[in-house]
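Hi everyone, thanks for coming. I'll put the sequence and the model up on the screen, and then we'll walk through it together.

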Amino acid sequence: MEKPLPDDLGWAATLGSLCALLFAVQAVTGMILAFYYNPTPDQAHASIGYIMNTVSLGWILRGIHHWGASAMVILVFVHLVYNFFSGAFKAPRELTWIIGVCLFLLTLGFGFTGYLFPWDQKAYWATVVSANIPKDIPVIGEFLARLLLGGETVSGLTLTRFYAIHTLMFPALMACFIALHLYLVRVHDLAGGTSSKSINELKTYRFFPEHLSRCSIGFGIVFAVILLLSIFADVPLEEVAGTVDPTYLPRPEWYYMWLFQLLTFFPGKAEIVGSLIIPVAGGILLFCLPFLSKTDLRGMADRPLATAAGITCLVGIVYLTLMGFEGARSYGDRVVVPDRQLSASEQKGLRIFMDRECTYCHHIMGRGGRIQGPDLSNVVAKNRTKEWLPRFIKDPQAISRWSIMPKYDLGEDELNALADFLLSLDFDSYGAKSISRQEVIGEKQN
Ligand code: HEC
C-alpha cells in the first residue's frame with residue numbers, strides 16, 4: 001500500500017492495471033455466460049439467442065463480454081506500444097516485457113477462439129480461413145492444423161476444442177502469466193518515465209491512495225464506455241453458419257483485419273509471406289526486443305532507429321486496418337483468364353466470380369486469394385459439364401456431402417454464366433493472362 005512509485009509516468013502507469021481489471025470483467029461475465037452457452041453446432045447459435053432474449057439481463061452480459069473483449073485488445077496493445085516507446089522493456093525488465101508479449105498474444109488467442117462461439121456465418125468463415133493458415137508451415141503444418149481443428153475442416157469438434165481452450169487453458173495460462181508479470185513489476189518497480197534515474201532519486205507517489213484512485217477513475221471510464229456500448233450498440237449475431245446467403249462476404253474481426261489485408265498483398269504461392277513469415281518474424285522480433293537494444297537510454301529522441309521502426313509498424317497496422325474497412329483491396333485482387341475475347345455470358349460469369357469473391361477460396365492457374373478449394377483451371381480437364389457446374393455451385397453439399405463450399409443460390413442465368421466462365425478456363429487451347437478486379441468491375445459500369 002505504501003510502496004513508492006515513480007511519479008513521472010502520470011496516467012500511463014495505470015494502463016497495466018486497467019488490462020488486469022478488464023481480464024477480471026471478462027472472467028466474471030464469461031463464467032456466467034457459460035451457464036447458458038452450449039458449445040455444439042446444433043445448439044450454439046440458439047443458445048446465444050436464448051441468452052439474448054430470455055435470460056434476465058443476458059443481452060447486457062453478452063454485450064459486456066463482447067465489447068470488453070475489444071476494449072481489452074485495445075488496452076493491452078496500447079500498454080505494449082507505450083512500453084515500447086518509453087523503453088520500459090530494457091534491463092532489468094526484459095522478462096517482464098517477454099511475459100507481457102505472451103499476455104498480448106494470449107489476448108489475441110482469446111479473441112480468436114471466442115469468435116467461433118456464436119457459430120454464425122461470420123464466425124464460421126473467418127475461422128475456416130484463419131485456422132488453415134498453420135497448414136502453410138513446412139513439415140508440421142498439416143498436423144498442427146488437424147490438432148487445432150480436430151479434423152480436416154471446421155466442425156463441431158473444432159467448436160469443443162476452441163471452447164476448452166477459451167474457457168480452461170487460456171484463463172489458467174493468463175492467470176499464471178498475470179501473476180508472474182505483477183510479481184516482476186513488484187521486484188523491479190514500475191519503469192517510471194524515460195530518465196535513467198533510480199527510484200530513490202525520483203519524485204514518488206504511493207500505491208494507496210494515489211495510484212489506486214487513478215486506476216479506479218480510469219477503470220470507471222472504460223467500464224462506463226463498455227456498458228454504454230452494451231446497452232446502445234447491437235452485438236452482431238448473423239445467420240447461423242451454413243444458411244444460404246449469396247450476398248455473404250467473409251470478413252474477420254476488426255483486430256485481425258490488418259493481417260487479413262496483409263494477405264492480399266501476397267497472392268498465390270507468395271501468400272506464405274503474409275500469412276506466416278511476416279507475422280512470425282514480427283512476433284520473434286517482439287520477444288527479442290530487449291536483447292537487441294545496445295544502450296540503456298530510454299527517451300524516444302535517444303533511440304531514433306527504434307522509434308522510427310515502431311512508428312512505421314504502427315502506421316502500417318492502422319493503415320491496413322482502415323483499408324480493410326474501406327474494402328479498398330479485396331481478397332484475391334487478380335484473376336487469370338484465357339487470352340482471348342470472352343463471350344458475353346463468359347464475361348458475365350467472370351463478373352459474378354469476382355463479385356462473389358470465389359477467389360476467396362479458389363485459385364485459377366495459381367492466382368487468387370487463400371486457397372481452400374481446388375484450382376479451377378482444370379475443370380475442363382476434369383470433364384465438368386455445363387449441366388454439373390451450376391448444380392454444384394448452387395448446392396455443393398447435395399453433390400458432395402462433406403463439401404465445405406458455401407451454397408450460392410443464384411439465379412438460373414447467373415449460374416449458367418458462371419459455368420460458361422469456368423468452362424472457358426481451358427488453358428490447353430488458349431494462353432493465360434491476368435487481369436485485375438478493377439478491370440472486371442470497371443467494365444461493369446460501362
Ligand atoms: C469458402 C470457400 C469457397 C468459396 C467462397 C467458393 N468455393 Fe468452390 N469449392 C470450395 C471447396 C473446398 C471445393 C472442393 C471440395 C468441396 O467440395 O468441399 C470447391 C469446389 C468447387 C467446384 C468444383 C470443382 C471440381 O471440379 O471438383 C467448383 C466448380 C467451384 N467450387 C466453384 C466455385 C464458385 C463459382 C464460387 C463462387 C461463386 C466458389 N466456388 C466459391 C470452396 C469454396
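So, let me start with a question: which helices each supply at least two residues of the shell around the ligand? Have a look while I say that this is a predicted model. Okay, here we go: they are helix 13, residues 388-394, and helix 15, residues 412-424. Helix 13 gives the largest share of that shell, with four residues.

Let's stay with the ligand for a bit. There are 22 residues around it, and the ones that come nearest are Cys358, Cys361, His362, Arg384 and Met405. If you sort the shell by class, you get 16 nonpolar residues, four polar ones and two charged ones.

Now for some polar atoms. Histidine 362 has a polar side-chain atom 2.7 Å from a nitrogen atom of the ligand. In arginine 384, a side-chain N or O atom is 2.6 Å from an oxygen atom of the ligand. And for lysine 382, a polar side-chain atom lies 3.2 Å from a ligand oxygen.

Okay, let's zoom out. The protein has 16 helices and six strands. Its C-alpha atoms fill a box of roughly 80 × 55 × 45 Å along the principal axes. Out of 446 residues, 46% are buried. The domain assignment splits the protein into domain 1, residues 4-326, and domain 2, residues 334-445. The centres of domain 1 and domain 2, taken over C-alpha atoms, are 37 Å apart.

Next, find strand 3, residues 334-338. Is strand 3 mostly covered or mostly open? Mostly covered: four of its five residues are buried. Strand 3 runs antiparallel to strand 6, residues 432-436, and five bridges join the two. To pick out one pairing, valine 335 in strand 3 has isoleucine 435 in strand 6 as its bridge partner.

Last topic: disulfides. A disulfide is a covalent bond between the sulfur atoms of two cysteines. How many disulfides does the structure hold? Zero. Let's check two cysteines to see why. For cysteine 102, the closest cysteine sulfur is in cysteine 176, and that is 12 Å away, so it's too far for a bond. Cysteine 313 has its closest cysteine sulfur in cysteine 288, at 14 Å, so that pair is too far for a bond as well.

That's my tour, thanks for listening!

Conventions. Residues are numbered from 1 along each chain as its sequence is written. This is a predicted model: local features need pLDDT of at least 70, side-chain atom pairs count only at pLDDT 80 or more; totals for chains, interfaces and linings use all residues. Side-chain values use heavy atoms; hydrogens and water are left out. Buried means under 20% relative accessible area, exposed over 50%, partly exposed in between (1.4 Å probe, protein chains only). Two strands pair if DSSP finds at least two bridges between them. Domain bounds come from an automatic or database domain assignment. A residue is near a molecule or strand if one of its heavy atoms lies within 4 Å of it. A polar contact is a pair of N or O atoms within 3.5 Å; within protein, one must be able to donate a hydrogen and the other to accept it, and residues adjacent in sequence count only if both atoms are side-chain atoms. Ala, Val, Leu, Ile, Met, Phe, Trp, Tyr, Cys and Pro count as nonpolar, Asp, Glu, Lys and Arg as charged, and the others, Gly among them, as polar. A disulfide is a pair of cysteine sulfur atoms within 2.5 Å.
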